[in-house]
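Hi,

Here is the structure I promised to pass on. Have a look through it first, and then read my notes underneath.

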Amino acid sequence: MPIIGDLLASALAGIAFVGCGMTSVAPPPGSQPRTRRREVVVNGKRVKTVDVHAHCIVPAAAVLIDHPLEAPGLLMADTSTRIAAMDAQGIDVEALSINPYWYRASRDVAAQLIKVQNETLVEFCAASPDRFVAFATAALQHPDLAAEQVEYAVKTLGFRGVGVAGSVAGEDLANPRFHPFWAKCEELGVLVFMHPLGTRELEPSGRLAGSGLLTNTIGNPLETTIALSHLIFEGTLDRFPGLKICAAHGGGFLPSYANRSDAVTRCFPDRVGPLPKKNPTAYLKDGQLYFDTIVFTPEALRHLIAETGSGQIMIGTDYPFPWTSTEVDLVLNTPGLTDDERIAILGGTAARLLGISG
Ligand SMILES: [Zn+2]
């Protein structure tokens, strides 16, 4: 709800500043409501804040497989509302991503869709280079094509990251058939942003039906938990030690209960399969896995950091979906952090990983 209030306030502010005699008229298309831009300062130092979890869509790509628009706020044709929300929340840069909806498309269609999508993302960012960067998209259902797409995206289009879902049309990311994609991501040094699409295989059973929007409330973090667990236990992170994956929503449930994954290797060593090279909890801390801040309370963020390390955490807002509009304050209010740690979480780590200049 707070984001709705912010947006209304932003829109009203924009109208109020248009000028005498025009107060009943909306700002012209393309103009930005003149929300006061919140500048985040830590110990006297202006911090460039970076949001690694912000959604958008490219209509010209979505139409190729008749994918519907999930929310008007995803559109980038007029970014004035989005930028007003960023200004109000103290977000300087959004790293845009698109939830993969194309994982069942044929090779030819997927190739065309990703081409249009990535080229348009570049245009979005070029129109406001100080406010937007983007994660490239790739057709993981065709792993060799996806590897080509990420290479082109990085070397030709200038992307520094790529987005993936938590599974690919029912197949886990740890499936060996995706190794060519991970190998390319490791080779190129790109940050992979992993966003769940929910645990759709559970939905026909009805276990997530009923009240509570459980398909999202627990289905989304559950998919992230499953994906990360397989990447650890199937040896994917051992095979590609240079991989860097940022998991949405604070890594789902895994960081809250990570020690159970260590315990199973001690308690059921004959049933756990080939052991990963390290204790499972070590993978949360050792530089391959990153996590956004969407965990809602300072205590939850404190705990996430205790399990992973402050250097593994970056701001996420989930814009335009109204899960939170207070991530900057969440970081500022989380106990036990040094100024340098807060600066890293607010934007320093994301800027380094995504090549955003200061
Ligand atoms: Zn999201």
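Below is what I found, starting with the strands and ending with a few odd spots in the loops.

One thing to keep in mind as you read: this is a predicted model.

Let's begin with a small sheet. It is open, has three strands in the order 3-4-5, and its pairing is parallel. Strand 3 (50-55) and strand 5 (132-134) sit at the edges, each pairing on one side only. On average, neighbouring strands in this sheet are turned by 35 degrees against each other, ignoring direction. If you want to look at one pairing in detail, try strand 3 with strand 4 (residues 93-97): they run parallel and are joined by four bridges. His 55 is a handy place to start, with Ser 97 in strand 4 as its bridge partner. There is also a helix on this sheet: helix 4 (residues 107-127) packs there and touches strand 4 and strand 5. The direction of helix 4 makes about 160 degrees with that of strand 5.

Next, strand 9 (residues 191-195). Is it buried or exposed? Five of its five residues are buried, and that goes for both faces. Leu 191, Phe 193 and His 195 are on one side, while Val 192 and Met 194 are on the other. Strand 9 also has parallel partners. With strand 6 (residues 161-165) it pairs over five bridges, and there Met 194 stands opposite Val 164. With strand 10 (residues 244-247) strand 9 pairs over four bridges, and Val 192 stands opposite Ile 245.

Now for the odd spots. As background, most residues other than glycine have a negative phi, and most peptide bonds are trans.

- Tyr 319 and Pro 320 are joined by a cis peptide bond, with omega at about 5 degrees. You'll find Pro 320 in the loop between strand 12 (313-314) and helix 12 (327-333).
- Asp 66 is not a glycine, yet its phi is positive, at about 55 degrees. It lies in the loop between helix 2 (59-62) and helix 3 (80-89). Asp 66 counts as exposed because it has 6 C-beta neighbours inside 10 Å, and the cut-off for exposed is 12 or fewer.
- Leu 213 is not a glycine either, and has a positive phi of about 50 degrees. Its place is in the loop between strand 9 and helix 7 (214-217). With 11 C-beta neighbours inside 10 Å, Leu 213 counts as exposed too.

Over to you, and happy browsing!

Notes: Residues are numbered from 1 along each chain as its sequence is written. This is a predicted model: local features need pLDDT of at least 70, side-chain atom pairs count only at pLDDT 80 or more; totals for chains, interfaces and linings use all residues. Two strands pair if DSSP finds at least two bridges between them. Helices (H or I, at least four residues) and strands (E, at least two) are DSSP runs, numbered from the N terminus. Axes are lines fitted to C-alpha atoms, for helices over the stretch in contact, and angles run from 0 to 180 degrees between N-to-C directions. Two residues are in contact if their C-beta atoms, placed from the backbone, lie within 7 Å. A residue is buried if 20 or more other C-beta atoms lie within 10 Å of its own, exposed if 12 or fewer, and partly exposed in between; C-beta atoms are placed from the backbone.
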